[in-house]
Amino acid sequence: SNVQPAFEKRYQLSKTNKFVTAMIDEIIKKRPDYIRVHDSGDYYSKKYLYKWFLIADYFPNVKFYSYTNCVKMFKSIRIPNNYDIIFSDSGKQKHMIDQAIDRHTKIFNSHDELISNGYIDASKIDLYATKWFNKDNINVGLIAH
């Protein structure tokens, strides 16, 4: 219950013109190599998504990535080279994922099941889901917990 106000505050900030500057300032302070956009939640509009693209453009040497259920939105836009999208197979648009060409997740009950289906395990090291650590296998597996 004490986490909800912080989520709401960040959400409200993301809807303002101050969001891009606030994120740029934070990234300058922390100097990360990789940024996972959202540890929960998703892109709620193209306007919000484009704010993240502006941030990514400002930091061409930082790699941004995220999981999303917004398949349709991402299939209709150009994604910056330093941005990676992993489609989640759990959303309403999962039928739009082309599993032959789209980086995507699938949830498995065990590591053995994940491997036998040709997926790379990103359960413990999230970066294994990205194109930078997993160039050849677009099948990203996660173990249910």
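**Close-up views of a predicted model**

**View 1. The second largest pocket and its lining.** Around this pocket sit Phe74, Ile79, Pro80, Tyr83, Asp84, Ile85, Phe87, Ile101, Asp102, Arg103, Lys131 and Ile138. As a reminder while you look around, this is a predicted model. The space in the second largest pocket comes to about 190 Å³. Strand 3 (residues 83-87) provides the largest share of the lining, 4 residues. Sorted by class, the lining has 8 nonpolar and 4 charged residues, with no polar ones.

**View 2. The largest pocket.** Here we turn to the largest pocket, which holds about 760 Å³ of space. Its lining is made of 23 residues, and those nearest the centre are Arg10, Phe19, His38, Tyr48 and Trp52. Helix 1, helix 2, strand 1 and helix 3 each bring at least two residues to this lining. Helix 2 gives the most, with 6 residues. The lining divides into 13 nonpolar, 4 polar and 6 charged residues.

**View 3. An aromatic pair between Tyr11 and Tyr44.** Across the structure there are 15 aromatic pairs. In this one, the ring centres of Tyr11 and Tyr44 lie 5.2 Å apart with their planes at 75 degrees, so the pair is edge-to-face. The two partners come from distant parts of the chain, 33 residues apart: Tyr11 belongs to helix 1 (residues 4-14), while Tyr44 sits in the loop between strand 1 (34-36) and helix 3 (46-58). Tyr11 is partly exposed, because its relative accessible area is 35%. Tyr44 also counts as partly exposed, at 37% relative accessibility.

**View 4. A tilted pair between Phe19 and Tyr48.** These two rings are 5.9 Å apart from centre to centre, with 50 degrees between their planes, and they form a tilted aromatic pair. This pair, too, links distant parts of the chain: Phe19 is in helix 2 (residues 18-30) and Tyr48 is in helix 3, 29 residues apart. Both Phe19 and Tyr48 are buried. You may recognise them from View 2, where Phe19 and Tyr48 are among the residues nearest the centre of the largest pocket.

**View 5. The aromatic cluster.** Stepping back, ring pairs join Tyr11, Phe19, Tyr43, Tyr44, Tyr48, Tyr50, Trp52, Phe53, Phe64, Phe74 and Tyr83 into a cluster. Phe74 and Tyr83 also appear in the lining of the second largest pocket.

**View 6. Asp136 in its loop.** Our last stop is Asp136, in the loop between strand 5 (120-121) and strand 6 (139-143). Asp136 counts as exposed, because its relative accessibility is 79%. Its C-alpha atom is separated by 26 Å from that of Asp42, and the two residues are 94 residues apart along the chain.

Terms used. Residues numbered from 1 in each chain as written. Predicted model: local features only at pLDDT ≥ 70, side-chain atom pairs only at ≥ 80, totals over all residues. Heavy atoms only, no water. Phe/Tyr/Trp six-rings, centres within 6.5 Å; stacked < 30°, edge-to-face > 60°. Buried < 20%, exposed > 50% of the residue type's maximum accessible area, 1.4 Å probe, protein only. 1 Å grid on protein atoms, 1.4 Å probe; cavity = no way out; pocket = protein on both sides within 12 Å on 5 of 7 lines; lining within 4 Å. Points joined across faces, edges and corners; volume = space filled by probe spheres on them. Nonpolar A, V, L, I, M, F, W, Y, C, P; charged D, E, K, R; others polar.
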